[in-house]
Amino acid sequence: MQVHTEDHGRVRIVSIVVSAIDASNAGELYARVTEETKGWRRVIVDLSQAGAIDGDGLAALCECWRSARNRGIQLTLCGLPARCRLAARLLRLGELMALFEDRIEAMHAHGLSLPVAELPQLALS
């Protein structure tokens, strides 16, 4: 599992790069996210580079959210894989925490915008 961080003013983005989040690495995910959120009040966890996320992975993400909330941190998720988004909807996780389709939506919700270099390229004809 690789974890990358980007700081945008008062918001930290934590990107998770891993083939799957499951029982074998859910504890590591929790520990790494907890460590990377220390000292921040608003954090976006970007899962767009995570492969599959099973029930243990979802449980770990819920624990990350609960721990962050208890420390006064607003933690939001973005980029959940399609199958995981369906499970999150069925479990009504959107009522518990903020879930966004992608990084652009999450950043916008935090009052941020992407640097011009990161905006999707528009085809001009």
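**View 1. The β1–β2 hairpin in the predicted model.** Strands β1 and β2 run antiparallel and are joined by 7 bridges, in a model that is predicted. Within this pairing, Val3 stands opposite Ile16 in β2. The two strands form a hairpin with 2 residues between them, and Gly9, which lies in the turn, has a positive phi of about 65°.

**View 2. The open sheet and its edges.** The sheet is open and consists of 5 strands, placed in the order β1-β2-β3-β4-β5 with mixed pairing. Its edge strands, each of which pairs on one side only, are β1, covering residues 2–8, and β5, covering residues 99–100. In a regular strand, side chains alternate between the two faces of the sheet.

**View 3. The parallel pair β3 and β4, with the helices that pack on the sheet.** Strand β3 (residues 42–53) pairs with strand β4 (residues 74–78) in the parallel sense, over 5 bridges, and Val43 stands opposite Leu75 in β4. Helix α1, made up of residues 26–37, packs on the sheet and touches β1, β2 (11–21), β3 and β4, while its direction makes about 165° with that of β2. Helix α2, made up of residues 55–70, also packs on the sheet, where it touches β2, β3 and β4, and its direction makes about 175° with that of β3.

**View 4. The contact between helices α1 and α2.** The two helices pack with their axes 9 Å apart and at an angle of about 25°, which means that α1 is roughly parallel to α2. Their crossing is right-handed. On the α1 side the contact is made by Ala26, Leu29, Tyr30, Val33 and Thr34, and on the α2 side by Asp56, Gly57, Ala60, Leu61, Glu63, Cys64 and Ser67. Sorted by class, this contact of α1 with α2 has 7 nonpolar, 3 polar and 2 charged residues.

**View 5. Confidence along the predicted chain.** The mean pLDDT of the protein is 84, and 82% of its residues reach 70 or more. Confidence is highest in α1, at a mean of 96, and lowest in helix α3 (residues 82–90), at a mean of 70. Where pLDDT is low, the predicted coordinates should not be read in detail.

Notes:
Residues are numbered from 1 along each chain as its sequence is written. This is a predicted model: local features need pLDDT of at least 70, side-chain atom pairs count only at pLDDT 80 or more; totals for chains, interfaces and linings use all residues. Side-chain values use heavy atoms; hydrogens and water are left out. Two strands pair if DSSP finds at least two bridges between them. Helices (H or I, at least four residues) and strands (E, at least two) are DSSP runs, numbered from the N terminus. Contact means heavy atoms within 4.5 Å. Axes are lines fitted to C-alpha atoms, for helices over the stretch in contact, and angles run from 0 to 180 degrees between N-to-C directions. Angles under 35 degrees count as roughly parallel, over 145 as roughly antiparallel, 65 to 115 as roughly perpendicular and the rest as oblique. A crossing is left-handed if the near helix is turned anticlockwise from the far one by less than a right angle, and right-handed if clockwise. Ala, Val, Leu, Ile, Met, Phe, Trp, Tyr, Cys and Pro count as nonpolar, Asp, Glu, Lys and Arg as charged, and the others, Gly among them, as polar. pLDDT is the predictor's confidence in each residue, from 0 to 100.
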